[in-house]
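Student: Could we take a close look at just one part of this protein? I'd like to go through it slowly.

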Amino acid sequence: MQMDDHSHGLLPHEFLFINTAYGTGILLNEDNYSRQWIGGSFKGEIQAAFYNFMLSEMFGYYIEFSLNAWYRYNYKFSDKHLISAQAEIPLVSWLARPPYLAEDDKFIENISSHNKFKTLLAFIGDGEIVTVNKLQWINLSVEYSYSISKRFSLGAIYRFVFIHSNEPRTLLSYHHNLNLTTSINF
């Protein structure tokens, strides 16, 4: 970018996603080719957004801890081919995000300690309990696995995550992930 007699380089926006989940389920139905499960999980997610606009930068965040319900279906075409699909939705969540998806007065107060851990705790503390009336999201995944041997398999997973929240301002987020996988069973 050229401004007056000076040349300035532009940086792309940067996003950091940290998430963890733990869940359990029960087998609903099983036959020679398919299996169905339902279950619940706990998910924790932190998203940090570093926005670069010309000569200025802004920081935004999205923090969510949720109890979720999920459904999974597996279909085995043969001893070597398996396809799975899963859907997950939140039942209740703790949601923390800035009102305008970036810096505001409360954000300035939260970072005043200049301690990253205290700042993160302050961000989380500004959250609230929400249900489907304030936060809607769905996590969908489709997985294919090919067994090379009894212990080793290769595959791919496609995941789609949709997040929507209207308060205090509209947030829409779409994530598409494609991962190649390997598995070794001991």
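Which side chains meet E45 in a salt bridge?

Tutor: Good place to zoom in. First, some ground rules: this is a predicted model, where local features need pLDDT of at least 70 and side-chain atom pairs count only at pLDDT 80 or more, while totals for chains, interfaces and linings use all residues. Residues are numbered from 1 along each chain as its sequence is written, and side-chain values use heavy atoms, with hydrogens and water left out.

Now to your question. The side chain of E45 meets that of K43 in a salt bridge, at 3.1 Å from N to O. A salt bridge here is a side-chain nitrogen of Lys or Arg within 4 Å of a carboxyl oxygen of Asp or Glu. The general idea is that side chains of opposite charge can pair when their charged atoms come close. Both E45 and K43 are buried, where buried means under 20% relative accessible area, exposed means over 50%, and partly exposed is in between (1.4 Å probe, protein chains only).

K43 also forms a salt bridge with E64, and there the closest N and O atoms are 3.8 Å apart. K43 belongs to strand β4 (residues 34-53) and E64 to strand β5 (residues 56-76), so this pair ties together parts that are 21 residues apart in sequence. Strands (E, at least two residues) and helices (H or I, at least four) are DSSP runs, numbered from the N terminus. Like K43, E64 is buried.

For another pair, look at K134 and E128, whose salt bridge has its closest N and O atoms 3.5 Å apart. Here K134 is partly exposed, at 24% relative accessible area, and E128 is partly exposed too, at 37%. Back at our starting point, salt bridges with shared partners join K43, E45 and E64 into one network. By the salt-bridge rule, the count comes to five.

To put that part in its setting, zoom out to the protein chain, which has two helices and 10 strands. Along the sequence, the pattern reads β-β-β-β-β-β-α-α-β-β-β-β. Of the chain's 186 residues, 29% count as buried. Contact means heavy atoms within 4.5 Å, and among contacts between residues at least 6 apart in sequence, 60% join residues at least 24 apart.

One last stop is S145, which sits in strand β8 (residues 135-147). S145 is buried, with a relative accessible area of 14%. Leaving aside neighbours within four places in sequence, S145 is in contact with K80, H81, L82, S153, L154 and G155.
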